[in-house]
Amino acid sequence: MVGFVDLYTEGDTFLHRMDPRVKITSVILLSILAFVLSSLEALGLLLLLIMALVVLSRTPISKTAFAFKFVFRLMVLIVILWPLFDRSGEPVIASLGPLRLTEPALLRGLTSATRIGCLATVWYILMFTTQQRDIVRALVKMGVRFDFGLTLAISLRFFPTFGATIGSIMDAQRARGLEFGRGGLLKRTRNYVAVLVPAIVSAMRTADGLSWALQSRAYGARPDRTYLRDFRMRWSDYASLMAVVLILALPLTAKLALGMDL
Amino acid sequence: MPALLMRDVRFKYRGSSDYALDRVSLEVEKGEFVTILGANGSGKSTVCLLANGLIPHAVPGDLEGKIEVFGEDTSKSTVAGLSARVGIVFQEPESQLFCMSVEEEVAFGPENLGIPRHEIRERVEWALELVDMKGYNERSPFSLSGGQKQRVAIAAALSMHPEMLVLDEPAYALDPVGRIGLYSVLRELRGRHGTTVLLAERDAEEAAAFSDRIVIMNKGRVVQTAPPREALCSPDNLRGMGIQPPQVSEIASLLNSRLSTSRYSFLNVEEAESTIAREIFKKKGRSAR
Amino acid sequence: MIPAPSSVQGSDKIVSITDLRFTYEGGVEAVKDLTLDIRKGDYIAVVGGNGSGKTTLAKNINGLLRPSRGTIMIRGHDASKMAVPEIAKVVGYAFQNPDYQLFCPTVEEEVRFGPSNLGYSHEDVNVKVQRALDAMNLQHLRTKPPLSLRLGERRRVTLASVIAMDPEVFIFDEPTTGLDTEESEMLMQKLRNLNAEGKTIILITHDMRLVSEHAKRVVVMSQGRVILDSDPRGAFADLDILRKSNLEPPAVTKLAHALKAYGVPVDIISPEELVFHLLRGSEG
């Protein structure tokens, strides 16, 4: 069955307890750091730091393995493809016709891959340790309009449901002799129409029902709605935030103000 | 002041050539539990949508006549405005639960009304307890059965403390376990809390026993308004209008015709059992072995 | 000649399930060690609450799911060696929600879709389509878009599209949900007609009332196993079995059980029968 993999795992680590707003901000700051740093060693250190955080989140291997298989493959792909497009510099390690593999290009490829690894992994930490609804709630608290937050939340909520619906539609059409992935282009397109039309109709019906339900629960009745779920910053949250700001500020200053090669 | 007052209402859905409601007048008193029985196209769903303002505000069509909810003219209000007084539960469990957890769902209504946080917390717990879903706060709707979803939908409506609860075929998509759970919640509601309830159904089996009044609708008209015993006494008529009569009514009707009488009427199995034991067996000298 | 639903000859088994086990990805064992023989011309109701495995069983029969263990023989052939369209020629499955299937611009095209996929000749398909439209009283609607019809009519379109595939076995999943009494009776009459023509009917439902009025054989499932396989009377006589599988006996059965101390038999399945027994020996 098609379904959305919910990456969140319940836990009681400091990452789980951290205010979601601090987590979101930290992830953004660390992403900026990943762009600012340009040396392989510095990025490698950042990646190690981020992996350490993943370990500290005590997320089970089953979920992290799934996530990191993807990141790892992406990194390998970048390392392999990079030298195909970047052939400048000395010394040359190997060459085949017009293709040249140079040491600097390889290093640049590794650096880029590590950067991407940092960017992807840091967002995973957010998703491993924060419930989807807390992420949405935090975004709204940080200033995103409630309408957008609700839209995001509803999309996330219906993702697995929709996947199941499409699965059922495909089953029903297969029982009528439809075989996906077979036949010429015309037939295959027609096959997808057989799934698309009922899927869209189902989505529209759900949307109708949704709009009635939202109105019937006073959505938009007042400009000042209250929120049951709330977070309050604790000193530990401020401390974490400061730590992350420092992690960003130090290398940034070192690089820009002191000209260090990081 | 009645909870719902409809006087000479006519309504045609946009794009339709037939009137969904054709001169319908009905009243629901405060605290009453009224069941509208009717087949598809009888107009019972239309009445539900009128009761909370979805018609005319969200559903386009031609509307005539007077509709007042607790004295308020629905055409002059908004759905959101009426929703504090009229809660509604639809027949499709999937599309009326849109939050990521049960707790959020039940809290959504009061949040929109600006209720203070601690009171929302109390209402959520109260509503979940009432629908027998206590402790399910953190569950996602995806993981619930159909019956559980519908009970959460009821809780989500009740947490707004409406004075009237409208349910449009709530048991439509449910299996027997789900149906039983749902109706026991409705029975509770009627017994304990004095909420006005308007229930639209196609199958009279469960609602018969605990409604104060039954309104029978057919093809956009009110055919009969009466207490359950009277309304359900001729199952052939009901079936002719597309309504599934309770089996106990069919049994009573058969007994009446075989014995050339009209005194038997059963609202539920328990009543049927004790009446039959008393009148048919004991009277005729057949005793329990 | 219409073959009679036989409970004696073993030779006309049309679907033969042996030691079926099915486990979903994620570990849920939905069907456990299930053995069941379905004979040509049977009219079986497979009943059980949510989670009893009845839908899983049905999907294994028509090949949408493949057994984790055990075998399914369809007309003597091993189903695991047959592709879904091949099985569809013998076993037709009418899903509960018609809106998960309808996508063509007209009813006629919709009904044509199934048989076209099965590779029948153009003339054959035409014949089958017309017959199916007739059987479901849809001729007057055949140029209309299916999505514009009422629920009862949409159901009939999906049923017609299965009938047009001309299978020997029909699986109907909750065919009367949402229908009025009249529509429901008409539909069940169509099923009776199909059975009278010699087709095998498998009705998946949790509506015991429907079962009492139509099925000739009841298979009760609970937690992936068959806990009872008998004629309807046998099923209704045992309230515990019904409760165990999360099924609600119809009121008339509950009443019969409540009055059994007075000599009322407990395998009663219709109001007429009950009243007969109530008045037996006490009139006059």
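Start in chain C by selecting Val107(C), Glu110(C), Val111(C), Phe113(C) and Gly114(C) of helix α3(C), then add the residues of α5(C) that they meet: Val157(C), Ala160(C), Ser161(C) and Val162(C). Keep in mind as you look around that this is a predicted model.

With that selection on screen, sort the contact by residue class: six are nonpolar, two polar and one charged. Now show both helices in full, residues 107-117 for α3 and residues 151-163 for α5 of chain C. Their axes come within 7 Å of each other, and the crossing angle is roughly 40 degrees. If you turn the view to look through one helix at the other, the crossing of α3(C) and α5(C) is a right-handed one.

**Next stop: chain A as a whole**

Hide the rest and colour chain A by secondary structure. You should find nine helices and two strands. Walking along the sequence, the order is α-α-α-α-β-β-α-α-α-α-α. The radius of gyration of chain A is 24 Å, well over the 18 Å that the globule rule gives for 262 residues, so chain A is more spread out than a compact globule. Along its principal axes, the C-alpha atoms fill a box of roughly 65 × 60 × 30 Å.

How much of chain A counts as buried? Of its 262 residues, 27% do. As for contacts between residues at least 6 apart in sequence, 74% of those in chain A join residues at least 24 apart.

**A helix pair in chain A**

Select residues 20-36 of chain A, helix α2, and residues 235-256 of chain A, helix α9. The two axes come within 10 Å and cross at roughly 10 degrees. Angles under 35 degrees count as roughly parallel, and that is why α2(A) is described as roughly parallel to α9(A). To see where they touch, show side chains on α2(A), including Val22(A), Leu29(A), Leu33(A) and Val36(A), and on α9(A), including Leu241(A), Val244(A), Leu248(A) and Leu252(A). Taken together, the residues of this contact comprise 13 nonpolar, three polar and two charged.

**Last stop: where chain B touches chain A**

Bring chain B back beside chain A. Here 34 residues of chain B are in contact with 28 residues of chain A. On the chain B side, select α3 (79-82), α4 (93-96), α5 (102-112) and α6 (117-130), the elements that each give two or more residues. Which element of chain B gives the largest share of this side? Look at α5(B), which supplies six residues. Colour the chain B side by class to finish, and you will have 19 nonpolar, nine polar and six charged residues.

Note on methods:
Residues numbered from 1 in each chain as written. Chains lettered and ligands numbered in written order. Predicted model: local features only at pLDDT ≥ 70, side-chain atom pairs only at ≥ 80, totals over all residues. Axes fitted to C-alpha atoms, helices over the stretch in contact; angles between N-to-C directions. Helix = DSSP H or I, 4+ residues; strand = E, 2+ residues; numbered from the N terminus. Parallel < 35°, antiparallel > 145°, perpendicular 65-115°, else oblique. Contact = placed C-beta atoms within 7 Å. Nonpolar A, V, L, I, M, F, W, Y, C, P; charged D, E, K, R; others polar. Rg over C-alpha atoms; globule rule 2.2 N^0.38 Å. Buried ≥ 20, exposed ≤ 12 C-beta atoms within 10 Å, placed from the backbone. Left-handed = near helix turned anticlockwise from the far one by under 90°.
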